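Colleague: Could you take me through one part of this model in some detail? I'd like a close look at a single helix and whatever surrounds it.

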Amino acid sequence: MLEPEGIDVGVELCVERRLALGGPLIVRLGRARLAMARSVAAGVTVEPAVESGSRR
Amino acid sequence: MRLHHHAAAVEPEARDVPVVALVGRPNVGKSTLFGVATGRFAETVNAPGTTVAAERRLVHLPQGDAYLVDLPGTLSLEDTPAGSEPFWRDLLDARPDAILIVGDAGDLRRHLPLALACRDLGLPIVFAANLADEADARGIDIDAGRLSQLLAAPVHVTTGRAGRGVMAAVGEAVRLARQRRAFLNGAAPRGTVPARVYGPRLELQIQNLAATIAPAHSLGAAALDTLGWGLGDLVGESAISARGAASLRLGHDLEQARWRVAAAWAAQVERCRDVPVRLSDRFAVWSTSLWPGLPIFLAVTALVFGTMMWVGGTLSTLLTDAWSATVSPVLGTTIHAVVPQPVLAAGLLWGLDGGMLALLSVGIPYILTFYVLLAALEDSGYLTSAAVLTDRLFNTLGLPGRAAIPLLAASGCNVPAIYGTRVLPTHRERLLGAFLVTMTPCSARSAVVVAAVAPFAGPLAAVGAFGLIAAITFASGLAANALVPGRQPALVLELAPIRRPIARHVVRKAWRRFAEFVRTAAPIMLIGSVALGLLYESGLIWYATAVLDPVVRGWLGLPSVAGLALVFSFLRKELALQLLVALAVIQLGAGAAGLGSIMSPAQLFVYAIVTSVSVPCVATLAALRGEFGWRSALTMSGSTLVIALATGGVLARLLGTV
């Protein structure tokens, strides 16, 4: 489901916003903005970016 | 329209005309580009997933004639944007001789993987780096020459909405398509050969697999096609190369590599400048947050509702007054002169005069106004923001957030809202959305509730009636979500950029949809009006009171005449009260000249709820039939009747009217 959107191992992304009451997450991926249900987001493992100043 | 087997159905002379397929991710402007290239309007929406069927048109260019095929937006060749079949099947069913890939010039990293996948098929490709104006505004320039070298294919920078660069890109694709067609017909081969970009391991894997995919006309090919994908057939028919067939089989494995290559290429060809953040980009961020997103959402919906009511109401009055003053008298005289039988003449007059009045009072003013507003919202890209903001609320009803738009419109008029459910991505969601639309009180039904309840039972009772209707609608939505098979897919949605709507797009789109409404709904409204008119004028309608009595008197505790008014309100909901009084006067005499003299406040409360929730009007039924077919339309309408009667019966007992 996420691979065609470009979310794959090693990709850097930034959580822009979490909507209240269990609403979707808004994620920045490069120049695109994606809305993602929390059930989908729960399946994504993230870790902090190594490079300082890079987007997460 | 599916394109399966369309090649066989194409007229013989069309077989020699090359085909160019338009391929791209959702909401990248393919349909806009298609419309510019073909010189005819193609319906577009600034939201992902709005082209759900392929459209094919013949174009005449200096390079020669060609068919252009606009396909649904897709994330990859394996994606299923138009149902259960992977996109590559739809693409290859169109038998393209070349592919015009439309990508976002401002986000090549996300758009080049699809270009790579198309290139792997072994067909000539042209890459249109579209939305160049937006990329420029974001400070992104691309080196088209370098990208062309990397892709080993022509690259054109285009701005579809302004038409810039479009014909050059399409012309190039047509030229390549004609070259390929000439090659297939025996001329010297001049096709492109994909460069090997995926690294030695994957390239060897592709090469080895390609060697095992034998063309279908070769001995034993069918036995080798163990997956039943028909790739051997496609290779045998020169629809794709053996390498292309292998790349489809390795689709998932190659996808990650394509994204890696795309990222590296994008970094090479993009040049970024520092530019101030655009107001539209700021608005896009604001509109997806609770503050100020929620007030923006409420303001937009209030604006849509208010404009629809004001413009629609004004137009409705103007049109109906004009019709009544000029056409109605002439029509009446003519029909009575031409049709000697009085009952038949009166019935026809009901249909032609009453039916046209219904169309003029609802169809043209409210629906056309709503379509203009909806088209503007779609073109602006705001719908995806609204969808995200209200997603959680509507999820409980099995709907995505963007269902808010048609449901709010339904409070003005149900008919355009039924068509408005097209903004929902799946058939199931459209069905659930349309069902809730039919239960949402439109302006006419709201007027009935207010006029029947407030003067006799007080304003608080009227507010309570609306609260009860909202609760019934919500509970019905929950039940429908549980009963209709299927599940709502979890939300993964690319947010559309906010753009200023283009007036000519908005007007053309609204007009096209309106014409469709008139074609589908008008005949049903006119025929329904004639049928009811004949029943009334022949007196047969009064026999209905006896049939309806067990339900109307026995179950709902209402006077018999209320049943007839309910039947007539099927024609126009706002008639429910006027007709009730008129029919009561005819049946009961002059003493029944006011609602209060016919029914008690409790009975009026029950009547208002039943009228509001029960079967939608004939125009709504026509819209439902046009969008979902008779079966679904009757099921939804029947369900609302059952819910209305059940609620009315329970209320009657609670309020002591039975």
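Modeller: Let's go with helix 7 of chain B, whose buried residues are Val166(B), Ala169(B), Val170(B), Glu172(B), Ala173(B), Val174(B), Arg175(B), Leu176(B), Ala177(B), Arg178(B), Gln179(B) and Arg180(B). Keep in mind that this is a predicted model. The helix covers residues 166–184, and its 19 residues reach 27 Å from first C-alpha to last, close to the 27 Å expected at 1.5 Å a residue. As a general point, an α-helix has 3.6 residues a turn, so residues three or four places apart point the same way. Here, though, the buried list includes the unbroken run from Glu172(B) to Arg180(B), with Arg175(B) and Arg178(B) among its charged members.

Now for what the helix lies on. Helix 7 of chain B goes across strand 1 (19–24), strand 2, strand 3 (64–70), strand 4, strand 5 and strand 7 of chain B, and it runs at about 155° to strand 4 of chain B. Those strands belong to an open sheet of six, in the order 2-3-1-4-5-7, with mixed pairing. Strand 2 (55–61) and strand 7 (155–157) of chain B are at the edges with a single partner strand each, so one side of each has no neighbour in the sheet. From one strand to the next the twist averages 25°.

Start at the strand 2 edge. Strand 2 and strand 3 of chain B run antiparallel and are joined by seven bridges; they form a hairpin with two residues between them. Within that pairing, Leu58(B) has Tyr67(B) of strand 3 as its bridge partner. Further along the order, strand 4 (residues 98–104) and strand 5 (residues 125–130) of chain B run parallel, with six bridges between them. There, Ile101(B) is matched with Phe127(B) in strand 5 of chain B. Another helix also packs on the sheet: helix 6 (residues 144–151) of chain B touches strand 5 and strand 7 of chain B, and its direction makes about 150° with that of strand 7.

Zooming out a bit, chain B has 29 helices and nine strands. Of its 658 residues, 52% count as buried. Among the chain B contacts between residues at least 6 apart in sequence, 73% join residues at least 24 apart. For a buried spot elsewhere in the chain, try Ala386(B), which sits in helix 16 (residues 382–389) of chain B. Ala386(B) counts as buried because 24 other C-beta atoms lie within 10 Å. Its C-alpha is 6.6 Å from that of Gly401(B), 15 residues away in sequence.

Then there's the partner chain. The contact takes 22 residues from chain B and 25 from chain A. On the chain B side, the elements giving two or more residues are helix 4 (108–120), helix 12 (251–269), helix 17 (391–395) and strand 9 (492–494). That side divides into nine nonpolar, five polar and eight charged residues. Strand 9 of chain B also pairs with strand 3 (residues 32–36) of chain A, antiparallel, over three bridges, and Met36(A) stands opposite Val492(B) there. As for confidence, chain A averages a pLDDT of 83, with 86% of the residues scoring at least 70. Among the elements of chain A, mean pLDDT goes from 90 for helix 1 (residues 38–41), the lowest, to 93 for strand 2 (residues 25–29), the highest.

Notes. Residues numbered from 1 in each chain as written. Chains lettered and ligands numbered in written order. Predicted model: local features only at pLDDT ≥ 70, side-chain atom pairs only at ≥ 80, totals over all residues. Helix = DSSP H or I, 4+ residues; strand = E, 2+ residues; numbered from the N terminus. Buried ≥ 20, exposed ≤ 12 C-beta atoms within 10 Å, placed from the backbone. Contact = placed C-beta atoms within 7 Å. Pairing = 2+ DSSP bridges. Axes fitted to C-alpha atoms, helices over the stretch in contact; angles between N-to-C directions. pLDDT = per-residue confidence, 0-100. Expected span 1.5 Å × (residues − 1).
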